[in-house]
Amino acid sequence: MVAPLKLGLAGLGTVGASVVRLIAGQREALEARCGRAIEVVAVSARSKSKKRDVDVGNMRWVAAPIALATDAEIDVFVELIGGEGDPARRAVEAALAAGKSVITANKALLARHGVALAALAEQQHVALNFEAAVAGGIPIVKTLREGLVGNKLARIYGILNGTCNYILTRMEQEKLSFAECLKDAQRLGYAEADPTFDVEGHDTAQKLAILASLAFGTRVDPDAIHVEGISSITPADLDAAEELGYRIKLLGVAVATDKGIEQRVHPTMVPRDSAIAQVMGVTNAVTVDADAVHAITLVGPGAGGMATASAVVSDIGDIARGVRTPPFGLPSARLATSEKAPMQRHEGGYYIRLLALDKPGTFATIATRLAEQQISLESIVQRHRGGRPHGGDDPASAAEPVPVILITYATTEDAVRKALAAVERDHVISGAPQVIRIEKN
Ligand SMILES: NC(=O)c1ccc[n+]([C@@H]2O[C@H](COP(=O)([O-])OP(=O)(O)OC[C@H]3O[C@@H](n4cnc5c(N)ncnc54)[C@H](OP(=O)(O)O)[C@@H]3O)[C@@H](O)[C@H]2O)c1
């Protein structure tokens, strides 16, 4: 008889409580599949007296997560508190230092301190598993670390934040503004009271930092990521995207280029027939471009108690079976320090929406400025003002600027920014141009 694997679980919130529930519900199947029983023997959270909808009465209560991390009875410390600082960080470090394997769902901690924690885990010959930290229930970490080990990866990109995808989906389908959809997302519990972290792309960036490391064997570096959020996206952009055969998604993208690993988070036009464009609502998806398998897209729930618990339990299963892989796929000392690819050198197609002033020479000026930067246009759409044909004889409308949408062939960020700066200096447009990068599949 193999002894049970004994867990100490810190954090009994959305994910922690679901992990307790899932292990209880799958007890026999897990024992059969992993070859040994799995038991949560001790737990920790902020408040012992808090009423919980999961029964932890037969588990020992340890007030301090750090004391639980080094508890003599446990084999594995499961950190489900969250946050890049203490108590999560010190507890994880203490557990590893005490020779305990660690499982965490904490993307913030891993994005900031992942490499140091991986080095400590390797030194101690214990596991550091974090399937739940990226894209919730989607097994993307295991896919990269194990399933695609024979592939050379070219690009990884995904919808990694359900809140943003929910907002963009509602904006597109119901022609609503960003503010209206955000309010609904908050009412439904998909967005925090302070939504900045999600809607400005920072949550996606933390997850992308982890994915890029796994995909390209580089050190996790959240500061190497160019980050833009979705708050500037308007219904006009979503309409134009639809007309031009695209959808707008907030993507996290990491690409191997000859200038280094380009890592960026921004609203992106994706072809409407691509796998990633079909992903609606709070669902997440990750696409991997790799030489042997060509392209793989994994789609599923990126959050939620049970979906995330599924990922945590998969990590537990590996430890129970004695499977241990380097946390970021390579021994941490072999992770490369990647050159941050400068965003100015990003190459791709661009969507540009301008409000052109209705005066002679405007279009010629815009065309000249684009030509000066060697930017070629795939399409130009001139919108009608307020549904009226451009050039109508309504005197009030004659003074209004005319929306113009440009789709460029592949060019560089630098060229686009220089051309648009010149157009702004020429005073032929009203307001700032809207720029959205296009990601081809
Ligand atoms: N929720 C998701 O869908 C999801 C998806 C993927 C990854 N994650 C990650 O999973 C982790 C947990 O998220 P969650 O949504 O379950 O969080 P949560 O519902 O806020 O739960 C946090 C838990 O940590 C405990 N805690 C907080 N501060 C503590 C402290 N100082 N000392 C001891 N315990 C403390 C809380 O105790 P009390 O219960 O006593 O307040 C609570 O049980 C985070 O790293 C998060 O990023 C979550």
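This section describes the ligand site, the pocket that holds the ligand, and two local backbone features of a predicted model.

The ligand is surrounded by 22 residues, of which Leu12, Val15, Ser47, Arg52 and Gly304 come nearest. By class, this shell comprises 10 nonpolar, 8 polar and 4 charged residues. Backbone atoms of Leu12, Thr14 and Val15 each approach an oxygen atom of the ligand. For Leu12, a backbone N or O atom lies 2.7 Å from a ligand oxygen. The corresponding distance is 2.8 Å for a backbone N or O atom of Val15, and a polar backbone atom of Thr14 is placed 2.9 Å from an oxygen atom of the ligand. Of the 890 Å² of accessible area that the ligand has on its own, 77% is covered by the protein.

The ligand occupies the largest pocket, whose volume is about 1,100 Å³. This pocket is lined by 41 residues, and those closest to its centre are Lys107, Glu192, Asp203, Lys207 and Ala303. The lining is made up of 16 nonpolar, 19 polar and 6 charged residues. Several secondary-structure elements contribute at least two residues each to the lining. Among the helices that do so are α1 (14–25), α5 (107–123), α7 (162–174) and α9 (196–199). Helices α10 (202–216) and α12 (305–321) likewise supply at least two lining residues each, as does the strand β11 (283–290).

Two features of the backbone were also noted, both of them in loops. Most residues other than glycine have a negative phi, and most peptide bonds are trans. Against this background, the peptide bond from Asp86 to Pro87 is cis, with omega near 10°. Pro87 belongs to the loop that connects β4 (76–79) with α4 (88–97). The second feature concerns Lys175, which is not a glycine but has a positive phi of about 55°. Lys175 is located in the loop between α7 and α8 (178–187); helix α7 is itself among the elements that supply at least two residues of the pocket lining.

Terms used
Residues numbered from 1 in each chain as written. Predicted model: local features only at pLDDT ≥ 70, side-chain atom pairs only at ≥ 80, totals over all residues. Heavy atoms only, no water. Near = heavy atom within 4 Å. Polar contact = N/O pair within 3.5 Å; in protein donor to acceptor, adjacent residues only side chain to side chain. Areas by Shrake-Rupley, 256 points an atom, 1.4 Å probe, with all protein chains shown as cover. 1 Å grid on protein atoms, 1.4 Å probe; cavity = no way out; pocket = protein on both sides within 12 Å on 5 of 7 lines; lining within 4 Å. Sits in = over half its atoms within 2 Å of the grid points. Nonpolar A, V, L, I, M, F, W, Y, C, P; charged D, E, K, R; others polar. Points joined across faces, edges and corners; volume = space filled by probe spheres on them. Helix = DSSP H or I, 4+ residues; strand = E, 2+ residues; numbered from the N terminus.
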